[in-house]
Amino acid sequence: MSGSDLAFEIATIRLVDTHEHLQPAAAWREGGPDILQDLFGHYAWHDLISAGLAPDALERLLNPAAGTVSSRFTEIREIWERTQFAGYGEAIRLSAHHTYGLDELTANGLEQAQHTLTGLQSDAERLRLMREVALLDHIQIDDMRWNREPEPLAQEFFTYDLSMWSFCRGEIESEKIAAETGIEVTGLDSLRDALAAIFARNAAHSIAVKSQHAYDRSLAWEERTDTDAAIALTRVLQDGGDTTDRAVLGDWCWARSVEHAIEYGLPYKVHTGMFARNGRMTIDWVRPGLMTKLLARYPEARFILMHIGYPYGEELVSIAKHYANVWVDLCWAWSIDPYSSSDFVRRFIHAAPVNKLFAYGGDTMWPTNVLAYSLQARRWLTKTLEAEVAAGDLTQAQALTIAERLMRRNQFECFDLV
């Protein structure tokens, strides 16, 4: 098998997509993005802001009512050229080439691409882009909800996480909980019952449990007594509580939700590492090593630590090597920093069990984004494994076996998929 054979095999393996924020079919069909929202509207604008784009220019870029596609792109073209070679920019260029036939972004080309995009905004094209063009086995969606409406097409292709974000950050959404469960949270017993009811109603229809509370508080976890949690809950219900109250209550809810995940056989996904957006990342909150007390407390759980804990990759390799109940997900990582992600994969292969790493999740909103980010993941995984073969550290056959593991077999094993 030659390097080109390895590239061909990686390009044709049906890839499991472990993480998207995919918008519903109706949003794509009826109110979907224009071409600039499609290309720049999810992650790429973060780099534009970091490169110097003014907030009002960003607002115009992402607002179709602010002008033509040509005028809005022309305003940001210089800053786009500063960011086009970073990971998000690479994903845009892949989307421009493979979906819209553009080898570079120009005002005229984007005007033409708008017509192509309009033709893709149907339920059938949405599914085709992901299942037949991106060659995805299925998608795991975090829509930050407990329940949802079924998809209009291929419902088996779309799976969903059960969100525990609000609970783990110590926020009690009383009206939402009551609407979902019929339970009014007035104290710790009713909160315990509400959590149990949410799992009882939704676990059977979920692929995993998910929380991204590192955006709101530290990943550090402590065992909390019922007494301390009850006091914190009273304060949270009264006036929202303070940071300490929410941390205590969040830790208690996190532990209870892990126990339910064990009960229902669901893996537990946790956001670690990099924040989306700009100007608010508390870097000390996001280290995966802050979770080790929780990992040790619940050895029966299956924890999936997301985004390679970027920039704490070496720490995460150590955790995956040490804890039998930890898996690691490259979701989003290829577009954050493709070279570091490639290096992470090579270090992981030679340090930790190879069955504990997942190759891809786009962490995106639209099917065109899903396609672009999957192309990026395949491209960089190919480069990574070809480098291993070139270095003499893997044979071609071993590299292909690892690729198949990272792209689908590991996920099928962890998520108990048939």
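In this predicted model, 22 residues line the largest pocket, and those nearest its centre are His 21, His 42, Met 144, Ala 276 and Arg 277. The space within the largest pocket amounts to about 490 Å³. Its lining is made up of 9 nonpolar, 9 polar and 4 charged residues.

Besides this pocket, the model holds enclosed spaces. With 30 Å³ as the lower limit, 2 cavities are counted. The largest cavity has a volume of about 90 Å³. Three elements each give two or more residues to its lining, namely α3 (35-40), α7 (87-98) and α19 (367-390). Of these, α7 provides the largest share, with 4 residues. The full lining consists of Asp 38, Leu 39, His 42, Tyr 43, Ala 44, Tyr 88, Ala 91, Ile 92, Ser 95, Asn 369, Ala 372 and Tyr 373. In terms of class, 8 of the lining residues are nonpolar, 3 are polar and 1 is charged. His 42 lines the largest cavity and is also among the residues nearest the centre of the largest pocket.

The second largest cavity encloses about 40 Å³. Around it lie Leu 330, Trp 332, Ala 333, Trp 334, Ser 335, Tyr 360, Gly 361, Tyr 373, Gln 376 and Ala 377. At least two of the lining residues come from α17 (333-336), and at least two from α19. Here the lining comprises 7 nonpolar and 3 polar residues, with no charged residue. Tyr 373 appears in the lining of the largest cavity and again in that of the second largest cavity. Likewise, α19 contributes two or more residues to the largest cavity and at least two to the second largest cavity.

Definitions and conventions:
Residues are numbered from 1 along each chain as its sequence is written. This is a predicted model: local features need pLDDT of at least 70, side-chain atom pairs count only at pLDDT 80 or more; totals for chains, interfaces and linings use all residues. Side-chain values use heavy atoms; hydrogens and water are left out. On a 1 Å grid over the protein atoms alone, a cavity is a set of points where a 1.4 Å probe fits but cannot get out, and a pocket is an open set with protein on both sides within 12 Å along at least five of seven lines; lining residues have an atom within 4 Å of a point. Grid points are joined across faces, edges and corners, and a volume is the space filled by probe spheres set on the points. Ala, Val, Leu, Ile, Met, Phe, Trp, Tyr, Cys and Pro count as nonpolar, Asp, Glu, Lys and Arg as charged, and the others, Gly among them, as polar.
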